Amino acid sequence: QVQLVESGGGLVQAGDSLRLSCAASGGTFSSYAMGWFRQAPGKDREVVSVINWSGGSKVYNEYFVKGRFTISRDNAKNMVYLQMNSLKPEDTAVYYCAAGGWPTPNDYWGQGTQVTVSS
């Protein structure tokens, strides 16, 4: 069983940056693909970015990421990160960390961290 805890969310202004972190425990972290998802009020959860076990493969939801976000992982620390730059009000959502198989890691979920971007 894998436990995931997100941190780093908050209230920022449009154009600012945030770095989300996800700490994993209870499993073999390096064997899982990791992903960031988000859910805005009244909307379905959507994928933001996914990284494979080694960090060598990454995918982004280019519908809205458009080069602004970077996913990374540190297998020695059991951590995955999402660097978000040039934030927009439409990025406001609860951001979730997830672990599982490539390319759709949805077996284990964190509790989420709120990101609010004001205009």
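**A guided tour from strand S7 to strand S9**

Begin by selecting Thr70 and Gln83: in strand S8, Gln83 is the bridge partner of Thr70. The model on display is predicted.

**Stop 1: the hairpin of S7 and S8**

Extend the selection to residues 69–74, strand S7, and residues 79–84, strand S8. The two strands run antiparallel and are joined by 6 bridges. Next, display the side chains of S7 and compare its two faces. Phe69, Ile71 and Arg73 form the covered face, whereas Thr70, Ser72 and Asp74 form the uncovered one. Thr70, the starting point of the tour, therefore belongs to the uncovered face of S7.

Now move to the connection of this hairpin, where 4 residues lie between the strands. Select Asn78, which takes a positive phi near 55 degrees.

**Stop 2: strand S9 and its partners**

Select residues 93–100, which make up strand S9. Of its 8 residues, 7 are buried, so the strand is largely enclosed by the rest of the structure.

Three pairings of S9 can be inspected in turn.

- Select strand S4, residues 33–39, which pairs with S9 in the antiparallel sense over 7 bridges. Trp36 can be found here, opposite Cys97 in S9.
- Select strand S11, residues 113–118, which runs antiparallel to S9 and is joined to it by 3 bridges. Within this pairing, Ala93 stands opposite Val115.
- Select strand S10, residues 108–109, whose antiparallel pairing with S9 comprises 2 bridges. The residue to display is Tyr108, which stands opposite Ala99.

**Stop 3: the disulfide**

Return to Cys97, the residue of S9 that stands opposite Trp36, and display Cys22 together with it. Which residue does the disulfide join to Cys22? The partner is Cys97, with an S to S distance of 2.1 Å. A search of the whole structure finds 1 disulfide. In general terms, such a link is a covalent bond between the sulfur atoms of two cysteines.

Rotate the view to look along the S-S bond: the value about this bond is -80 degrees, and the link of Cys22 and Cys97 is left-handed. Cys22 lies in strand S3, residues 18–25, and Cys97 in strand S9, so the pair ties together parts that are 75 residues apart in sequence. Are these two cysteines buried or exposed? Both Cys22 and Cys97 are buried.

**Final view**

To close, display S9 with S4, its antiparallel partner over 7 bridges, and keep the disulfide between Cys22 and Cys97 visible.

Definitions and conventions. Residues are numbered from 1 along each chain as its sequence is written. This is a predicted model: local features need pLDDT of at least 70, side-chain atom pairs count only at pLDDT 80 or more; totals for chains, interfaces and linings use all residues. Side-chain values use heavy atoms; hydrogens and water are left out. Buried means under 20% relative accessible area, exposed over 50%, partly exposed in between (1.4 Å probe, protein chains only). Two strands pair if DSSP finds at least two bridges between them. A disulfide is a pair of cysteine sulfur atoms within 2.5 Å.
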